Amino acid sequence: MGEYKLLMPKMGESVIEATILAWHKKVGDTVNEQDVILEVATDKVDSEVPSPVSGVIKELLYGVDAVVGVGEPLAILEVEGEMPAQFIPEKKKGVVPIEKPVEQNEKVERPAADKSEETVDKKVEQTVASARQTVQAPVSSANRYYSPLVLNIAQVENISMPELETISGSGVDGRVTKEDILEYVDKKRKGQLVAEPKIKEAASEQKVVVSTAADMKTESIAAGSSNTEIIEMDRMRKLIAQHMVNSIKTSAHVSSFVECDVTNIVKWREKHKHAFQKREGFSLSFMTVFVEAIAKAIKDFPMINVSVDGDKIIKKKDINIGVATALPSGNLIVPVIRNADQKSLLGIAKTMSTIIQKARTNSLQADDVSDGTYTISNIGTFGNIIGTPIINQPQVAIMAVGSITKKPVVIEVDGQDVIAIRHMMYLSHTYDHRVVDGMLGGLFVKKVADYLEKFDLYQEI
């Protein structure tokens, strides 16, 4: 008999941790290879984690809602025979230890702090590293546990332990998370705290009263008119919100716009859509042609297909195009068409149909939403003509395609200017001005428009 450590699987280039949603097995259960042991969630997708071996669950190392780093042990299994190879994650720069949350009513031994890691915000990374060398962490007088990361941030921001104990925690058992303390620091800097903490000392304990503008607003809504309704964000909406805000904080967003004549594409689709539907069993989408044009333009302008790591630009060889997809719940997810430049129109159409269907039936896997290098969003579906989408990190650009409308347009026929009715569409290109200048961003969207306008009306699919 031997012990096998089930590790948090790698779930995409930018994913460094995941949250445990549910355990499907308990200690003592026998599992077969590929049996689902637990469900986890990232900011992109929920995913099931199967066991790569057969054995018996000896220990579950984390409880529900725990945040676990990629490559960290999740459970220990007793197995027979030779141990299979395991994924060992590469150490990242700018990481500090995180706590291991304990499931309520369950005693789990906390691992040493240096066995798990969490990336901190860039504004904290350098100061935390230096502060750890010179400053000792404040000590809690209450029976409340703080992770090393939270204590380090408290040191850097000169937050005393009595003040730290006033911060409401959103983590397991009310623990203060990195997001909680950074939000508190941000409000404090902006002067949104109504008053500094007022400390009232008793014989054996300290009680702190602190009010914020947000607290007062919430109380006002709750106690106010019956014509208001308070709706709690679901988990996915919270993750989307955080992802969007982080993108704005990370990238210098700028947008360029081009109007494009897609008359040939409209006529081509009208010619083929009924036979295609009958033959393939799904609709022929305009997005198939848009994705193909973007893939071609990326090959012409490969510096659009990059990401940023500090002061380094990472150029991607694969062209993996994400397609922003609205879910029935109203939330948004971005499944990925891998190696789009290597697919024919039919190949793109089939792949897109599959991943969108999986998205709408909540059956996407981690691989379906990871490693995207560029994203397209079809705002024309909602009747919008122009939009400025937010960059899908860690990518550096995103394109929105507007609705196709008939317009009178001046065109040249046999050397003469004439007014004709054409099918027109706006392309909106948003890019990260840290690494994509206006020339590159503008030339790229113009190249996409050129490919669409020169689309071969007579090609087959």
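Where is P394 found? I looked this up at the outset: P394 is in the loop between strand 20 and strand 21. I note that the model is predicted.

**Entry 1: the peptide bond at P394**

I examined the bond that leads into this proline. The peptide bond from Q393 to P394 is cis, and I recorded its omega as near 5°. The two strands that flank the loop span residues 374-378 for strand 20 and 397-401 for strand 21.

**Entry 2: positive phi angles**

I then looked up backbone angles at two residues. Q34 is not a glycine, yet its phi is positive, at about 80°. I located Q34 in the loop between strand 3 (30-31) and strand 4 (36-41). D414 is likewise not a glycine and has a positive phi, of about 55°. I placed D414 in the loop that joins strand 22 (405-413) to strand 23 (416-432).

**Entry 3: the second largest pocket**

I turned next to the second largest pocket, for which I noted a volume of about 1,100 Å³. Its lining is made up of 48 residues. Which residues lie nearest its centre? I found V323, A324, T325, A326 and I333 there.

I also asked which elements each supply at least two residues of the lining. Among the helices I listed helix 6 (235-250), helix 8 (286-300) and helix 9 (345-360). Among the strands I listed strand 16 (321-323), strand 17 (325-326), strand 18 (332-333), strand 20 and strand 21. Strands 20 and 21, which flank the loop of P394, are thus entered here as contributors to the pocket lining. The largest share of the lining, six residues, comes from helix 9. By class, I recorded 24 nonpolar, 19 polar and five charged residues in the lining.

**Entry 4: helix 7 against helix 9**

I followed helix 9 to its packing with helix 7, which covers residues 263-280. The two helices pack at an angle of about 60°, and their axes are 14 Å apart. Helix 7 is therefore oblique to helix 9. I noted the crossing of the two helices as right-handed.

Which residues make the contact? On helix 7 I found W268, F276, R279 and E280; on helix 9 I found L345, L346, A349 and K350. I sorted the residues of this contact by class and entered five nonpolar, no polar and three charged.

Key: Residues are numbered from 1 along each chain as its sequence is written. This is a predicted model: local features need pLDDT of at least 70, side-chain atom pairs count only at pLDDT 80 or more; totals for chains, interfaces and linings use all residues. Side-chain values use heavy atoms; hydrogens and water are left out. On a 1 Å grid over the protein atoms alone, a cavity is a set of points where a 1.4 Å probe fits but cannot get out, and a pocket is an open set with protein on both sides within 12 Å along at least five of seven lines; lining residues have an atom within 4 Å of a point. Grid points are joined across faces, edges and corners, and a volume is the space filled by probe spheres set on the points. Helices (H or I, at least four residues) and strands (E, at least two) are DSSP runs, numbered from the N terminus. Ala, Val, Leu, Ile, Met, Phe, Trp, Tyr, Cys and Pro count as nonpolar, Asp, Glu, Lys and Arg as charged, and the others, Gly among them, as polar. Axes are lines fitted to C-alpha atoms, for helices over the stretch in contact, and angles run from 0 to 180 degrees between N-to-C directions. Angles under 35 degrees count as roughly parallel, over 145 as roughly antiparallel, 65 to 115 as roughly perpendicular and the rest as oblique. A crossing is left-handed if the near helix is turned anticlockwise from the far one by less than a right angle, and right-handed if clockwise. Contact means heavy atoms within 4.5 Å.
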